[in-house]
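Thanks for coming. I have one structure to go through today, and I will keep to a few places in it. Please bring it up on your screens.

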Amino acid sequence: KAISGQADIALQLPPASIMRLKMNPQTDVQSYSLPRTLVLKLNNAHPFLNSVKARQALSLAIDRNGIASAVLGTPDSGTAQLLPRSMSDWYLESFANPASDIQKAKAMLKELGWTENSQGLLQRDGKVFELSLITYADRPELTNVATALQAQWKKLGVKLNVSITSSSSIPAGHQDGSLEVALIARNYGVIADPLVVLSNDFSAEGGDWGAMNWSNPEFNQLIKQLNYTLDADKYREKAQRAATILATELPVIPVSAYTEEVSVNKRLKGFHFDPFGRNFYLSDLEF
């Protein structure tokens, strides 16, 4: 309908349609970063995942650019941060997304006692580095990303078993302690300030859709202080420090930011997009 002109605005464009719309002289395709991130939820008490260095190595082995381009169809959406630039207090401008580096990741795991066996898998104390990942089919992109991660971590020497289940299995696995790794799409933009969601996800007790068996005293103190900080500069300073802790310790591993591709007919002027879905600015539109 966007191509034929029946629809002046089309949201949530499938990757297969984006190139056709970009080639259409009547439509303008605009990209907007959403406050929703595709992340790996980890059981940080798992003996293979309870080291910051191990989590950093797993993150380093992820080809985020490849996943963003080939799997999600949204180049440049790969990210190692939880929150997008639109949440500026929590976005680390100086934090560069790490390029995938399998050899460096292997070296980091070697320092933790992992060695490669004859099958090319990492082994320590007679145990193979094997993890189980669960995800859900509600969002079809998750299963494709899980398959890509399985292949990428295999290059590292990590065997990743992928199971597709219902989304309810993730909080259930968190509660009973059975979860090892889960691939989820987490919305941090319920409201414009993500503090409420982050407070729940990364509390000392953990969150069903956030950290599992991870707690950082400094982070916990920062979250408490942020709830009572009214000064904008002090709020930003504390939020930046809290974001740095999450990006360094990786209690969850970000993979890609969600991008909204919007087609707008060129005859329509004054279009604005609100990533939080609060306003469509209809009064600003004109033909």
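I begin with the lining of the second largest pocket, whose residues divide into 11 nonpolar, 11 polar and four charged. Please note that this is a predicted model. The volume of that second largest pocket is about 510 Å³. Its lining counts 26 residues, and the closest to the pocket centre are Pro75, Asp76, Ser77, Gly78 and Thr259. Which elements supply at least two residues each to this lining? They are α1, residues 15–23, then β2, and β9, residues 252–265.

Next, the enclosed space. How many cavities of 30 Å³ or more does the structure hold? There is one. The largest cavity contains about 100 Å³ of space. Around the largest cavity you will find Ala80, Gln81, Leu82, Leu83, Trp90, Leu92, Ala243, Leu246, Ala247, Val252 and Pro254. Two elements, α9 (232–249) and β9, give two or more residues to that lining. Of the elements, α9 gives the most, with three residues. By type, the lining of the largest cavity has 10 nonpolar residues, one polar and no charged.

Trp90, from that list, comes up again in the largest nonpolar core. The core has 76 residues, and Leu40 and Trp90 are the members that touch the most others in it. In soluble globular proteins, nonpolar side chains tend to be buried together. What does Leu40 touch, leaving out residues up to four places away in sequence? Its contacts are Ile62, Leu133, Leu149, Trp153, Val181, Ala182, Leu183, Val252, Ile253 and Val255. Val252 also lines the largest cavity. There is a second, separate core of five residues, among them Ala10, Leu13, Ile18 and Leu21.

Last, one residue in strand β2, which spans residues 27–42: Thr37. Is Thr37 buried or exposed? Its relative accessibility is 1%, and because buried means under 20%, Thr37 counts as buried. The Thr37 side chain comes to 2.4 Å from the backbone oxygen of Leu82. Leu82 is also one of the residues lining the largest cavity. With residues up to four places away in sequence left out, Thr37 touches Thr79, Gln81, Leu82, Ile184, Ala185, Arg186, Tyr188, Pro254, Ser256 and Tyr258. Among these, Gln81 and Pro254 line the largest cavity as well.

That is the end of my part.

Note on methods:
Residues are numbered from 1 along each chain as its sequence is written. This is a predicted model: local features need pLDDT of at least 70, side-chain atom pairs count only at pLDDT 80 or more; totals for chains, interfaces and linings use all residues. Side-chain values use heavy atoms; hydrogens and water are left out. Helices (H or I, at least four residues) and strands (E, at least two) are DSSP runs, numbered from the N terminus. Buried means under 20% relative accessible area, exposed over 50%, partly exposed in between (1.4 Å probe, protein chains only). A polar contact is a pair of N or O atoms within 3.5 Å; within protein, one must be able to donate a hydrogen and the other to accept it, and residues adjacent in sequence count only if both atoms are side-chain atoms. Contact means heavy atoms within 4.5 Å. A nonpolar core is a set of buried Ala, Val, Leu, Ile, Met, Phe, Trp, Tyr and Cys residues joined through side-chain atoms within 4.5 Å. On a 1 Å grid over the protein atoms alone, a cavity is a set of points where a 1.4 Å probe fits but cannot get out, and a pocket is an open set with protein on both sides within 12 Å along at least five of seven lines; lining residues have an atom within 4 Å of a point. Grid points are joined across faces, edges and corners, and a volume is the space filled by probe spheres set on the points. Ala, Val, Leu, Ile, Met, Phe, Trp, Tyr, Cys and Pro count as nonpolar, Asp, Glu, Lys and Arg as charged, and the others, Gly among them, as polar.
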